Amino acid sequence: MSEPQGSEGSTQHLPVMERKTDGTASGPQPLPEGERGPRGRFWSARRVPAGIVALLLLVAAGAFLYDVVAVRAGRSALGWRRELARQLAERPLDDTWVRVGAGVAAALGLWLLVLALTPGLRRMLPMRRTHPDVRAGLHRKAAAAALRDRAVEVAGVQSARVRMRRRKARVRALAHFRELDDVRADLDGVLDDTVRGLGLARPPAVSVRVARPGRKG
């Protein structure tokens, strides 16, 4: 889902799901609990790391293949391959450059393993499944913008900032009139309803903090 457009301080009304008189909702209904698909996070395609690794392997394999074919054709091996073979044969295992090379190779391998075993796309929040063949996600910025727009609609709220995480949303609001406890109570109710209305598979907990604007000058 795309992020709502508009300036940061603007207020936008979210689309609502109207209920019909017979008690059914006009929008798509969630699947029954037993028919809902997995609610896991989206997995990144990792195109950039995969492309870099494939390019490096292609260059290295091509260089070695060219040199092997050249040797088979009666030519002498290239200087870099003879030097590499000599260095590997003569340098001891406790040599500084051997340790540095091994450390770099281990770090690169660990990085590739982390990329392979983690889903990535941390900014996409999975949404509830309403169809078995369709998965939807909401960008964190879009979810934060929705919470911020609803927060500034509460009476007494001058401005609001939202930090959205996968498990928690932190809302910081400035109230220029009304009691802070009353504003906080209204914000708790409005934001809880907004989070439920986003349709997320795992709605984040909402943490609200209300303060007075600082004095100017």
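This report describes the overall make-up, a helix pair, the main nonpolar core and three loop residues of a predicted model.

## Overall make-up

The protein chain has 217 residues, of which 24% are buried. It contains 5 helices and 5 strands. Along the sequence, these elements follow the pattern α-α-α-β-β-α-β-β-α-β.

About 15,500 Å² of the protein chain is exposed, and carbon and sulfur atoms supply 58% of that area. Among contacts in the protein chain with a separation of 6 or more, 60% are between residues 24 or more positions apart.

## Helix 1 and helix 2

Helix 1 covers residues 47-72 and helix 2 covers residues 79-90. Their axes come within 10 Å and cross at roughly 100°. Angles of 65 to 115 degrees count as roughly perpendicular, so helix 1 is roughly perpendicular to helix 2.

Which residues meet where helix 1 and helix 2 are in contact? Helix 1 contributes Ala63, Phe64, Asp67 and Val71, while helix 2 contributes Trp80, Arg81 and Leu84. By class, this contact has 5 nonpolar residues, 2 charged residues and no polar ones.

## The largest nonpolar core

In soluble globular proteins, nonpolar side chains tend to be buried together. In this model, the largest nonpolar core has 26 residues. The members that touch the most other members are Leu138, Leu147, Met164, Leu187, Leu191 and Val210.

Five elements are listed as giving two or more residues to this core: helix 4 (140-151), strand 3 (157-164), strand 4 (168-175), helix 5 (180-197) and strand 5 (205-211). Helix 4 supplies the largest share, with 6 residues.

The contacts of Leu147 give a closer view of one core member. Setting aside neighbours within four places in sequence, Leu147 is in contact with Val162, Met164, Ala169, Leu191, Thr194 and Val195. Two of these partners, Met164 and Leu191, are also among the core residues that touch the most other members.

## A loop residue between helices

Leu78 lies in the loop between helix 1 and helix 2. Is Leu78 buried or partly exposed? With a relative accessible area of 33%, Leu78 is partly exposed, because the partly exposed class runs between the 20% and 50% limits.

Leu78 touches Tyr66 and Asp67, when residues up to four places away in sequence are not counted. Asp67 also takes part in the contact of helix 1 with helix 2. Another residue of that contact is Phe64; Leu78 and Phe64 are 14 residues apart in sequence and 9.8 Å apart in space, C-alpha to C-alpha.

## Two arginines in loops

Arg167 is in the loop between strand 3 and strand 4. Its relative accessibility is 53%, so Arg167 counts as exposed, the cut-off for that class being over 50%. Apart from neighbours within four places in sequence, Arg167 is in contact with Arg202, Pro204 and Ala205. Between Arg167 and Leu125 there are 9.7 Å in space, C-alpha to C-alpha, and the two are 42 residues apart in sequence.

Arg178 is found in the loop between strand 4 and helix 5. Arg178 is partly exposed, with a relative accessible area of 29%. What is the sign of phi at Arg178? The phi of Arg178 is positive, at about 75°, although Arg178 is not a glycine. Most residues other than glycine have a negative phi.

Methods:
Residues are numbered from 1 along each chain as its sequence is written. This is a predicted model: local features need pLDDT of at least 70, side-chain atom pairs count only at pLDDT 80 or more; totals for chains, interfaces and linings use all residues. Side-chain values use heavy atoms; hydrogens and water are left out. Axes are lines fitted to C-alpha atoms, for helices over the stretch in contact, and angles run from 0 to 180 degrees between N-to-C directions. Helices (H or I, at least four residues) and strands (E, at least two) are DSSP runs, numbered from the N terminus. Angles under 35 degrees count as roughly parallel, over 145 as roughly antiparallel, 65 to 115 as roughly perpendicular and the rest as oblique. Contact means heavy atoms within 4.5 Å. Ala, Val, Leu, Ile, Met, Phe, Trp, Tyr, Cys and Pro count as nonpolar, Asp, Glu, Lys and Arg as charged, and the others, Gly among them, as polar. Buried means under 20% relative accessible area, exposed over 50%, partly exposed in between (1.4 Å probe, protein chains only). Accessible areas come from the Shrake-Rupley method with a 1.4 Å probe; for residues, only the protein chains shown count as cover. A nonpolar core is a set of buried Ala, Val, Leu, Ile, Met, Phe, Trp, Tyr and Cys residues joined through side-chain atoms within 4.5 Å.
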